Amino acid sequence: MTTSETAASRCDLLIEAGYVVPVEPHAVVLEDHAVAVSGGRIVAVLPRAEARARFQAADVVSRPQAALIPGLVNAHTHNPMTLLRGIADDLPLMTWLREHIWPVEAAAIGPEFVADGTTLAIAEMLRGGTTCANENYFFADVQAAVYKKHGFRALVGSVIIDFPSAWARSDDEYFARAGELHDQWRGDPLIGTAFAPHAPYTVNDANFERVRMLSDQLDIPVHLHTHETAQEISDSIRLHGQRPLARLDRLGLVNDRLIAVHMTQLTDAEIHLCAERGVHVVHCPESNLKLASGFCPACALVRAGVNLAIGTDGCASNNDLDMFSENRTAAILAKAVANDATALDAATTLRAATLGGARALGFGEKIGSIEVGKQADLACVDLSALETQPLHHVLSQLVYAAGRHQVSDVWIAGQPKLVQRELVGMDVAAITANARQWRDRIRSIRA
């Protein structure tokens, strides 16, 4: 890769790294390279010595022992639920939801809960190298405003569900709020919108058809939990006479706008249908393992040509937003599920966590790889630590050995968000104190 033909001699930012991992081209590691940024976009990727000779940068960041990677894309989150971290562990999905999570949400949820939970999540994600999230929760308008306030990139989904909530009391109100959200954020450089029908077992056919019609008209994604558990499959067959994916296909939703999350229960025919229709699949291995939901056939999906992304799910079921841990689990679990040690190698895993996520969200032309013209959403990972020495293979260390505590610097659209482990513009002490206040409030609700 070389500089773009129109790159100027001046730039806003020059990041020098011992290793640049562009993700595209696949599995490439560029040693002793630099990335030049102007106006929030990448204008050059070139050897460090050449970069210094060519560019006069307003700011130079030199990290000779670090790997510069695209910012990680957490492709499935319920980030306000950071405030519910650890309140109901070691339970199966439906017990966890119906007897614990939904009752607490019914009592606690509101704009303040959502704003404070999202702020806590943003701080956690930035410290772990994540620069973009695919959000699926109530009060989407509040979430969008908080993400925008902190300059964090997000696709914010408008929840559609068959029962009333503090967010909306009727089907029409859910759809009206979705329309308002889309109109408000249309064309924003950081915030995108999606429909987020909760799951096949909580959304009726008429509402799914309405989602499909509006998704087609507005050309926006549909973010949906589906094929998460064996019980979901058996219930769907009993109630609808079809497996969930077949029902969604009947309703016109199996297409390249569908972001299908979990997908632990898949036949070979369903995998090939997803590949044929361009469905994006989000793998959430740690949440699935913790809730004993099943195993997503990640390797089979990739080999069939399905775009694979990686997500943490919410903190109430994971219990963190650590994409480094998620990537390692995804890679190792894929090998066990496929009974193949070559399944989901390090380069493919990192691609799923960056460009795969970006493409799933409809952001693939903007982010997900270090290429000229893309937004400078970037993270530096310090590989000098004892835990990542000796350094034989950069990609291997990033997926199998490095931890989120090794993320030193983060940028979104060229703006610094983390500098040598210090958050920019976020008060960690205040965020932590606020989280403790919510702990006490939630305890009183549950008492």
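Biologist: How do you know that the span of helix α3 (residues 111-127) agrees with what its 17 residues should give?

Modeller: In this predicted model, the 17 residues of α3 should span 24 Å at 1.5 Å a residue, and because the end C-alpha atoms are 25 Å apart, the two values agree. The helix is followed by G129, whose phi is positive, near 80 degrees.

Biologist: What makes you describe α3 as mostly covered?

Modeller: A residue is called buried when its relative accessible area is under 20%, and 14 of the 17 residues of α3 are buried. As for its surroundings, α3 lies across β14 (407-412), β15 (415-419) and β16, and runs at about 120 degrees to β14.

Biologist: Why are β3 (41-47) and β16 (422-423) said to stand at the edges of the sheet?

Modeller: The sheet is an open one of 8 strands, in the order β3-β2-β1-β4-β13-β14-β15-β16, with mixed pairing. Both β3 and β16 have a single partner strand, so one side of each is left without a neighbour in the sheet, and that is what places them at the edges.

Biologist: How do you know that strand β2 (residues 30-38) and β3 pair?

Modeller: Pairing requires at least two bridges between the strands, and β2 and β3 have 6 bridges, in the antiparallel sense. For H33, the bridge partner in β3 is P47.

Biologist: Why is the contact between E173 and R177 called a salt bridge?

Modeller: The cut-off is 4 Å between a side-chain nitrogen of Lys or Arg and a carboxyl oxygen of Asp or Glu, and the closest N and O atoms of E173 and R177 are 3.6 Å apart, which meets it. The two residues both lie in helix α5 (residues 171-185), 4 residues apart, about one turn of the helix.

Biologist: Why does E173 count as partly exposed?

Modeller: Partly exposed covers values between the limits of 20% and 50%, and E173 has a relative accessibility of 26%, so it belongs in that class.

Biologist: What makes the salt bridge between R243 and E270 a tie between separate parts of the sequence?

Modeller: Their side chains meet at 2.6 Å, N to O. R243 lies in the loop between α7 (230-240) and α8 (244-250), whereas E270 lies in helix α9 (residues 268-277), so the pair ties together parts that are 27 residues apart in sequence.

Biologist: Why is E270 called buried?

Modeller: E270 has a relative accessibility of 9%, and since buried means under 20%, E270 is buried. R243, by contrast, is partly exposed at 24%.

Conventions
Residues are numbered from 1 along each chain as its sequence is written. This is a predicted model: local features need pLDDT of at least 70, side-chain atom pairs count only at pLDDT 80 or more; totals for chains, interfaces and linings use all residues. Side-chain values use heavy atoms; hydrogens and water are left out. Buried means under 20% relative accessible area, exposed over 50%, partly exposed in between (1.4 Å probe, protein chains only). The expected span of a helix is 1.5 Å times one less than its number of residues. Contact means heavy atoms within 4.5 Å. Axes are lines fitted to C-alpha atoms, for helices over the stretch in contact, and angles run from 0 to 180 degrees between N-to-C directions.
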